[in-house]
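Q: Could you take me on a close look at the side-chain contacts in this model, and at the parts of the fold around them? I would love one connected account rather than a list.

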Amino acid sequence: MKNIIGSLALALVVLAGCKVSKDVATPKDAQPEAFRNAVTTSDTSSIADLQWKNFFTDAALQKLIDSAIVKNYDMQVAVKNIEAAQLQFKQVKWNYVPTLGLNVTASTNRPSDNSVTGLSIKQYNIGTKHVEDYNANLALSWEADIWGKIRSQNREALALYLQTNEAKRAIQTNIVSSVSQGYYNLLMLDEQLEIAKKNVKLNDSTLRIIKLQYDAGQVTLLGVQQAQAQLEAAAQLVPQFERDINVQENGLSILAGRLPDAIERSAKLNDITFPETLSAGVPSAMVSRRPDVRSSELALNIANARVGIAKAQLYPSLTITGQGGLNSFKSSNWFNIPASLFGTVAGGIAQPLLQHKQLRTQYEVAKVDREKTVIQFRQSVLNAVGEVSDALVRLQKLKEQQTIAANRVKTLQQATNNASMLFKNGLATYLEVITAQGNVLQGELELASIKMAQLSANAELYRSLGGGWK
């Protein structure tokens, strides 16, 4: 027996260094050297390296994001997924440890008189026709990790655990982005509500003047009716914006994991500012930072591990077993030591031969799945780079739009003032006044929308670069 164990141990030493499968490395050519539409600079730092509290500095927004990160139900589920994956990872480590089991059995058997056992009982005249057996033993079994199957299982469990961490980070980045964009939309609606109310007052003033002129016979009833319609068009925007404000507050409350309620604001739309130029950094840094891309990279680690496991199944397995305890044919002698003591040690090598080609097929499928994972990783990088480029060009063009829209609003405001003065002096018609007031209303509403879009684009650039989970 010693020779057997020695031979198996020697085989273990020789084969332990074998690696049955070769890993596929993460593609290094998946990302470009720079983002399209990025400002050319030697600075490789990125806004995504900032903690979210240093990027979003509005106090009320910070409070809202803090609440969402802690109380959002998707985040809570992600934390539980991490806990479960951590337990699985810890469990896999025990695969290196031998299994140990306690067996206690008692049996009685009445063999046929014509059986070999029955004839033996008659021959030895033991005084009973029943054969009893009492057994208590510890059984140990250990499989040597010759082909790295257990190592691959550990690698798979670790990558799965890390994936749950990346999933949590991805959820947090989306929450930070969604809450900030929702908050900016709320500030825009506040601004648009104020614009609508201001325009209602302006139209009301114009209507009173036209009514006086109508009473004096200077204008017809048509002028009064048109001024009244212009006033009502502005007035109907007020309940519309109030409704949208309530809906947006409800949405933000739910994101923050609480019942729908009012949302605190600590600033107005035009009080929120970001630096003129935001550094995007380089794509390679973004790939290592974005949780969804990191998850795709870990998926390749998992695929490599599964190929290793499937390949190891094709090779012989070395198992060493041992058993020892107490055995007796009489209950009265069961614990008679040392007479009832027994022990066995065995070692064996098992090589799968004919299993309907299942193991080979599983291995080939694992390789195909790995190839799919490489493609999915490339796609995730492509999507990420595209999102960053979209955010960069959106910021550039919104800045140009904002400049044009601001100049237009300034011109329209001047035109409205001039039209009002000319109208009071009889040098302009009521239609010119009404048209000017309608134009300035639309211009100011559009300017507020562009300002909100700029703030949202900043938040989207921060998210697309992988910022928000720190």
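A: Happy to. Let us begin with the charged pairs: across the whole structure, which is a predicted model, a search finds 24 salt bridges. One of them joins the side chains of Lys 470 and Asp 49, with N and O 3.9 Å apart. Lys 470 belongs to the segment after helix 12 (430-464) and Asp 49 to the loop between helix 1 (2-15) and helix 2 (52-55), so this contact ties together parts that are 421 residues apart in sequence. Both ends have some access to the surroundings: Lys 470 is partly exposed at a relative accessible area of 37%, and Asp 49 is partly exposed at 38%.

Other salt bridges stay inside one helix. In helix 6 (residues 149-215), Glu 166 and Arg 169 are three residues apart, which puts about one helical turn between them. Their side chains meet in a salt bridge of 3.4 Å, N to O. Here the two partners fall into separate classes of accessibility: Glu 166 is buried, with a relative accessible area of 6%, whereas Arg 169 is partly exposed at 31%. Arg 169 also has an aromatic contact, as its charged end sits over the ring of Trp 469, 4.0 Å from the ring centre.

Still in helix 6, we find Asp 190. Its relative accessible area is 21%, and because buried means under 20%, Asp 190 counts as partly exposed. Asp 190 is 52 residues from Glu 242 in sequence, while their C-alpha atoms are 8.4 Å apart in space.

Helix 11 (residues 358-424) offers another pair with this spacing, Lys 372 and Asp 369, three residues apart and about one turn of the helix from each other. The closest N and O atoms of this salt bridge are 3.7 Å apart. Lys 372 is partly exposed at 43% relative accessibility, and Asp 369 is partly exposed at 35%. Beyond such pairs, there is also a network: Arg 290, Asp 292, Glu 387, Glu 460 and Arg 463 are joined by salt bridges that share partners.

While we are at helix 11, its length is worth a check. With 67 residues at 1.5 Å a residue, helix 11 should span 99 Å, and the C-alpha atoms at its ends are 93 Å apart, which agrees. After helix 11 comes Gly 426, with a positive phi near 75 degrees.

Now to the aromatic side chains, where the count comes to nine pairs. Phe 55 and Tyr 462 have ring centres 4.3 Å apart and planes at 5 degrees; planes under 30 degrees apart count as stacked, so this pair is stacked. The contact links distant parts of the chain, with Phe 55 in helix 2 and Tyr 462 in helix 12, 407 residues apart. Both of these residues, Phe 55 and Tyr 462, are buried.

Tyr 462 also pairs with Phe 56, in another geometry. Here the ring centres are 5.6 Å apart and the planes stand at 85 degrees; over 60 degrees counts as edge-to-face, so that is the class of this pair. Once again distant parts of the chain are linked: Phe 56 is in the loop between helix 2 and helix 3 (59-71), 406 residues from Tyr 462 in helix 12. Phe 56 is buried at 1% relative accessibility, and Tyr 462 is buried with a relative accessible area of 1%. Stepping back, ring pairs link Phe 55, Phe 56 and Tyr 462 with Tyr 183, Tyr 184 and Phe 274 into a cluster.

Finally, let us turn to the strands. Four of them form an open sheet in the order 1-2-3-4, with antiparallel pairing. At its edges stand strand 1 (99-109) and strand 4 (341-350); each has a single partner strand, so one side of each is left without a neighbour in the sheet. Ignoring direction, neighbouring strands of this sheet are turned by 20 degrees against each other on average. The partner of strand 1 is strand 2 (residues 131-143), and these two pair in the antiparallel sense over 11 bridges. If you would like a place to look at this pairing, find Thr 105, which stands opposite Asn 135 in strand 2.

Key: Residues are numbered from 1 along each chain as its sequence is written. This is a predicted model: local features need pLDDT of at least 70, side-chain atom pairs count only at pLDDT 80 or more; totals for chains, interfaces and linings use all residues. Side-chain values use heavy atoms; hydrogens and water are left out. A salt bridge is a side-chain nitrogen of Lys or Arg within 4 Å of a carboxyl oxygen of Asp or Glu. Helices (H or I, at least four residues) and strands (E, at least two) are DSSP runs, numbered from the N terminus. Buried means under 20% relative accessible area, exposed over 50%, partly exposed in between (1.4 Å probe, protein chains only). Two strands pair if DSSP finds at least two bridges between them. Axes are lines fitted to C-alpha atoms, for helices over the stretch in contact, and angles run from 0 to 180 degrees between N-to-C directions. Rings of Phe, Tyr and Trp (its six-membered ring) pair if their centres lie within 6.5 Å; planes under 30 degrees apart count as stacked, over 60 as edge-to-face and the rest as tilted. A charge sits over a ring if NZ of Lys or CZ of Arg is within 6 Å of the ring centre and within 35 degrees of the ring normal. The expected span of a helix is 1.5 Å times one less than its number of residues.
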